[in-house]
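Let's walk through this model together, one layer at a time. Have the sequence and the 3D view at hand as you read.

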Amino acid sequence: MATGTPGLGILTGISYVSGLDYYRGINEKVIADTPRRHVMSPNPPLVMASVDCDEYVHHLTHASARVADHLLIGVRSLVAAGCDTLVIASNTGHIAVPAIVNEFPDLGILHIADCCAAELRGRGFSRVGLIGTKPTMADDYLKSRLLLHGITTLVPEDERTQDEIYDIICQELSYNVFRDESRAKMVEVIRDLEARGAEACILGCTEIELLVREEHVPGFPLLPSAEIHIQAAANVLLGKLELDDVLPAVEEDGLY
């Protein structure tokens, strides 16, 4: 694991809840796998930048072309602080990856879809459900990335259902509010994806996995995207994982 100048940067504020989980999770996993140095195991070198979640969601809803501009404010801060590998603490935030690559072509990005795809392939799954924010379900920035790994993705077909999930994320989960009624709705949607042929379901919003766990959907595999992403980030810091290890075999123009 590198020391000194931070090499890994976390972009958060989308929402702060997931940022807390990433910071805590990466630290805990690295510390647990690092020998004691002086008095205790050292913290990994990290930098963080937090953007305004309200502004971010406003752009997602009303002016999606401006989302990347908003997130790039945080990315520029991370690069200026010495970041050479970026972790975006949000599935939806990966919508900005093409713009980030365009401005910072040498910046490594540990893409959450690549990490999930590696987990899916390792478990023999190729047809999965995906729930998350409405942009994550409706747009292609995660689904197309998963397809490069040979993963076919199913999402809720009813726009009203997508809106309900998005409302739960924005008005409840992003404020650390977890309601049984909302959990029941998520489980209902997941079971519908299972009935349509999904072999597992990606919890494609970093807050959803705080609400729904496998014990709530017995007999059906759930993939907590943030937890998978956090473990991969820790493995990068520990020197156990290179970005090339999870990249798709087939590259797509403008994706990297």
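A salt bridge here is a side-chain nitrogen of Lys or Arg within 4 Å of a carboxyl oxygen of Asp or Glu. By that definition, the structure holds 17 salt bridges. We will come back to some of them, but confidence deserves a look beforehand.

This is a predicted model. Its chain has an average pLDDT of 89, and 94% of the residues reach at least 70. Residues 1-5 stay under 50, and the model gives them 13 contacts beyond four places in sequence. Where pLDDT is low, the predicted coordinates should not be read in detail.

Now turn to strand S5, residues 127-131. Four of its five residues are buried, so S5 is largely enclosed by the rest of the structure. What does S5 pair with? Strand S6 (residues 152-154) runs parallel to S5 and is joined to it by three bridges, with Val128 standing opposite Thr153. Strand S7 (residues 200-203) also pairs with S5 in the parallel sense, over four bridges, and here Gly129 faces Cys201.

Next, the nonpolar interior. The largest nonpolar core has 58 residues, and Tyr22, Ile26, Ile131, Ile190, Ile208 and Val212 have the most contacts inside it. Helix H11 (residues 225-237) supplies the largest share of this core, seven residues. Ile26 is a good place to zoom in: beyond four places in sequence, its contacts include Ile10, Pro44, Leu46, Ile230 and Leu237. A second, separate core of 25 residues includes Val67, Leu72, Ile109 and Tyr166.

Back to the charged pairs. Asp163 and Lys134 form a salt bridge whose closest N and O atoms are 2.8 Å apart. Because Asp163 lies in helix H8 (residues 159-171) and Lys134 in helix H6 (residues 134-138), this pair ties together parts that are 29 residues apart in sequence. Asp163 is partly exposed, at 35% relative accessible area, while Lys134 counts as buried at 19%. Lys134, Glu159 and Asp163 are linked in a network of salt bridges.

Helix H8 also offers Glu164, which forms a salt bridge with Lys185 at 3.6 Å between the closest N and O atoms. Lys185 lies in helix H9 (residues 180-195), so this pair ties together parts that are 21 residues apart in sequence. Glu164 counts as partly exposed at 37%, and Lys185 as buried at 16%.

Finally, Asp180 and Arg183 meet in a salt bridge at 2.9 Å. Both lie in helix H9, three residues apart, about one turn of the helix. Asp180 is exposed, with a relative accessible area of 59%.

How values were computed: Residues numbered from 1 in each chain as written. Predicted model: local features only at pLDDT ≥ 70, side-chain atom pairs only at ≥ 80, totals over all residues. Heavy atoms only, no water. pLDDT = per-residue confidence, 0-100. Contact = heavy atoms within 4.5 Å. Buried < 20%, exposed > 50% of the residue type's maximum accessible area, 1.4 Å probe, protein only. Helix = DSSP H or I, 4+ residues; strand = E, 2+ residues; numbered from the N terminus. Pairing = 2+ DSSP bridges. Core = buried A, V, L, I, M, F, W, Y, C linked by side-chain atoms within 4.5 Å.
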